[in-house]
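Got your viewer open? Let's take a walk along the chain, one selection at a time.

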Amino acid sequence: MRIRILLADDQALLRQGFRLVLSASPDMEVVGEAGDGEQAIAQTRMLRPDVVLMDVRMPGMDGIAATRRIVADSPAAKVIILTTYGIDEYAFSALHAGASGFLLKDVHPVDLLAGIRAVASGDAVIAPSVTRLLLDTFAHQLTAPADADHALDALTEREREVFLLIASGLSNAEIAAELVLSEATAKTHVSRILSKLGLRDRVQAVILAYESGITRPAS
């Protein structure tokens, strides 16, 4: 089955460029376009894309607010934020709003396709270690949810150990090496943890670790 993609950007020329790149890939299909945040929300509800490529700055409702609504209303859709800059407050806000990652607008086509495939398969398009760098910079803006600690209580001792390693930015292979497990076992632990905590991907696990106070910003 092809990955269904919605393009949300107020620049028609940019949408056309992305459409040309994505349509050339046999495993992808552009199912719709939106010129602002409200349209992106409406199109996501109607078309049910697998991935939304979302611009940050759009007239009316911006991409961050639209992402927050889409994550809440259409949880099956994964959002990748398109930004002109790299690690900045927009990227932080997008991740905190529930985006599965971000890409620069001048991303190489190969990296764009790889990022979309990663997010569609349930992974994130940004390394947790980069997320930690973002959070170290902007952690003062986080507000811990009231049930953060309660959610973590659902984890077994081993799962909590794995959770801490996820929060440190380790890959499945690195977690396996750290705990002397097979990589398949580490992957199973990670999947079970994300499911128990109701998290979309590893990036959201890093954010929860900061919100709950388990991980603290670098001094």
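How many bridges join strand E1 (residues 3–8) to E2, and do the two strands run parallel or antiparallel? Select both and take a look: 6 bridges join E1 to E2, and the pair is parallel. To get from E1 to E2, the chain goes through helix H1 (residues 12–23), and this β-α-β crossover is right-handed. Keep in mind as you go that this is a predicted model.

Now pick out Leu6 and show its bridge partner in E2, which is Gly32. While you're there, colour E2 (residues 28–34) by burial: 5 of its 7 residues are buried, so to speak of it as mostly covered is fair.

Next, the cavity. A search of the whole structure turns up 1 cavity of 30 Å³ or more, with a volume of about 30 Å³. To see its lining, select Leu7, Ala8, Asp9, Arg15, Phe18, Leu53 and Leu82. E1 and H1 are the elements that each give two or more residues to that lining, and you already have both on screen from the crossover.

From here, jump to Ala40, in helix H2 (residues 37–47). Is Ala40 buried or exposed? Buried: its relative accessible area is 0%. Show what is around Ala40: beyond its neighbours within four places in sequence, it is in contact with Leu6, Ala8, Ala34, Met54 and Ile70. Two of these names should ring a bell: Leu6 is the residue bridged to Gly32, and Ala8 is part of the cavity lining. If you'd like a distance on display, draw one between the C-alpha atoms of Ala40 and Met61, which are 21 residues apart along the chain and separated by 9.6 Å.

Time for a bigger move, over to helix H11 (residues 202–211). How many of its 10 residues are buried? The count is 10 of 10. The run starts with Arg202 and Val203 and ends with Tyr210 and Glu211, with Gln204 among the buried residues too. Just after H11, stop at Gly213, where phi is positive at about 85°.

Finally, zoom out to the whole chain. You should find 11 helices and 5 strands. Of the 219 residues, 50% count as buried. The chain exposes about 10,500 Å², with carbon and sulfur atoms supplying 53% of that area. Switch on contacts between residues at least 6 apart in sequence, and 69% of them join residues at least 24 apart.

Definitions and conventions. Residues numbered from 1 in each chain as written. Predicted model: local features only at pLDDT ≥ 70, side-chain atom pairs only at ≥ 80, totals over all residues. Heavy atoms only, no water. Buried < 20%, exposed > 50% of the residue type's maximum accessible area, 1.4 Å probe, protein only. Helix = DSSP H or I, 4+ residues; strand = E, 2+ residues; numbered from the N terminus. Pairing = 2+ DSSP bridges. Right-handed = clockwise from strand over helix to strand, strands pointing away. Contact = heavy atoms within 4.5 Å. Areas by Shrake-Rupley, 256 points an atom, 1.4 Å probe, with all protein chains shown as cover. 1 Å grid on protein atoms, 1.4 Å probe; cavity = no way out; pocket = protein on both sides within 12 Å on 5 of 7 lines; lining within 4 Å. Points joined across faces, edges and corners; volume = space filled by probe spheres on them.
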